[in-house]
Amino acid sequence: MLPKIEQRLVERLLARFYDRRMLAHVQHQTRLGHVIRGNSITLFKIRPGFDDPAVWLRSPVAQFRYSSVASLWSLYWRDRNRRWQPCEDMTSTRNFEALLTEVDRDPTCIFWG
């Protein structure tokens with residue numbers, strides 16, 4: 001389970017990230033969100049469905065995993081088989097914001113395409 005203090009910090013950082021990344025004039029077309037499950041946070045993009053625009057669909061972007069033993073965050077990307085793979089270029093860190101910055105930069109185009 002993610003420690004409450006860590007969860008509150010991450011929630012604040014993600015809210016700022018969403019505000020910075022998703023401009024108001026495109027929020028009717030796409031949004032960002034996340035889900036916390038155990039020690040992992042999955043970041044996803046939300047957009048209207050092609051068949052039914054009233055139904056919004058989630059598309060996973062990145063996953064952050066917290067090791068409570070080491071107090072470190074790790075970053076994962078989703079492969080074509082829908083399996084989460086560790087980002088080889090990013091070492092585990094205590095700084096969640098550094099991993100979020102890496103997702104935003106996406107130098108290898110594995111998160112946003």
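Trainee: Which residue caps the N-terminal end of α2?
Mentor: Good place to start, and keep in mind that this is a predicted model. A side-chain oxygen lies 3.1 Å from the backbone nitrogen of Glu97. The residue that supplies this oxygen, and so caps the N-terminal end of α2, is Asn95.

Trainee: Which residues of α2 are buried, and how wide is the arc they fall within?
Mentor: In α2, the buried residues are Phe96, Leu99, Leu100, Glu102 and Val103. Looking down the axis of α2, they line one face of the helix, because their arc spans 155 degrees.

Trainee: What covers the buried residues of α2?
Mentor: The cover comes from both a helix and strands. It includes α1, β2, β3 and β4.

Trainee: Which residue follows α2, and what is its phi?
Mentor: Asp106 comes after α2. Its phi is positive, near 45 degrees.

Trainee: What is the order of the strands in the sheet?
Mentor: The sheet is open, has 5 strands and pairs them antiparallel. The order is β1-β2-β3-β4-β5.

Trainee: Which strands stand at the edges of this sheet, and why is one side of each left without a neighbour?
Mentor: A strand at the edge has a single partner strand, so one of its sides has no neighbour in the sheet. Neighbouring strands here are turned against each other by 35 degrees on average, direction ignored. The edge strands are β1, residues 31-37, and β5, residues 84-86.

Trainee: How many bridges join β1 to β2, and how many join β2 to β3?
Mentor: β1 and β2 run antiparallel and form a hairpin with 2 residues between them. In the turn, Gly38 has a positive phi of about 65 degrees. β2 and β3 also run antiparallel. The counts are 7 bridges for β1 to β2 and 9 bridges for β2 to β3.

Trainee: Which residue of β2 stands opposite His34, and what is the bridge partner of that residue in β3?
Mentor: His34 stands opposite Leu43 in β2. From Leu43 we can step on into β3, where its bridge partner is Ala62.

Trainee: What is the bridge partner of Trp77 in β5?
Mentor: Strand β4, residues 72-78, is joined to β5 by 3 bridges, and the two run antiparallel. In β5, the partner of Trp77 is Gln85.

Trainee: Which strands does helix α1 lie across, and what is its angle to β1?
Mentor: Helix α1 covers residues 4-21. It lies across β1, β2, β3 and β4, and it runs relative to β1 at about 165 degrees.

Trainee: Which residues have the most contacts inside the largest nonpolar core, and which element gives the largest share of that core?
Mentor: In soluble globular proteins, nonpolar side chains tend to be buried together. Here the largest nonpolar core has 23 residues, and those with the most contacts inside it are Phe64, Trp73 and Val103. At least two residues each come from α1, β2, β3, β4 and α2. The largest share, 5 residues, comes from α1.

Trainee: Is Thr30 buried or exposed, and which backbone oxygen does its side chain reach?
Mentor: Thr30 sits in the loop between α1 and β1. Its relative accessibility is 17%, so it counts as buried. Leaving out residues up to four places away in sequence, Thr30 touches Met22, Lys45, Ile46 and Trp56. Its side chain reaches, at 3.3 Å, the backbone oxygen of Ile46.

Trainee: Where is Ser71, and which residues is it in contact with beyond its neighbours within four places in sequence?
Mentor: Ser71 is in the loop between β3 and β4. With a relative accessible area of 26%, Ser71 is partly exposed. Setting aside those sequence neighbours, its contacts are Tyr66 and Arg94.

Trainee: What is the phi of Ser71, and what is that of Cys109?
Mentor: Most residues other than glycine have a negative phi. Cys109 is in the segment after α2, and at 47% relative accessibility it counts as partly exposed. Neither residue is a glycine, yet phi is positive in Ser71, at about 55 degrees, and in Cys109, at about 60 degrees.

Definitions and conventions: Residues numbered from 1 in each chain as written. Predicted model: local features only at pLDDT ≥ 70, side-chain atom pairs only at ≥ 80, totals over all residues. Heavy atoms only, no water. Pairing = 2+ DSSP bridges. Axes fitted to C-alpha atoms, helices over the stretch in contact; angles between N-to-C directions. Contact = heavy atoms within 4.5 Å. Buried < 20%, exposed > 50% of the residue type's maximum accessible area, 1.4 Å probe, protein only. Polar contact = N/O pair within 3.5 Å; in protein donor to acceptor, adjacent residues only side chain to side chain. Core = buried A, V, L, I, M, F, W, Y, C linked by side-chain atoms within 4.5 Å. Arc of directions from axis to C-beta.
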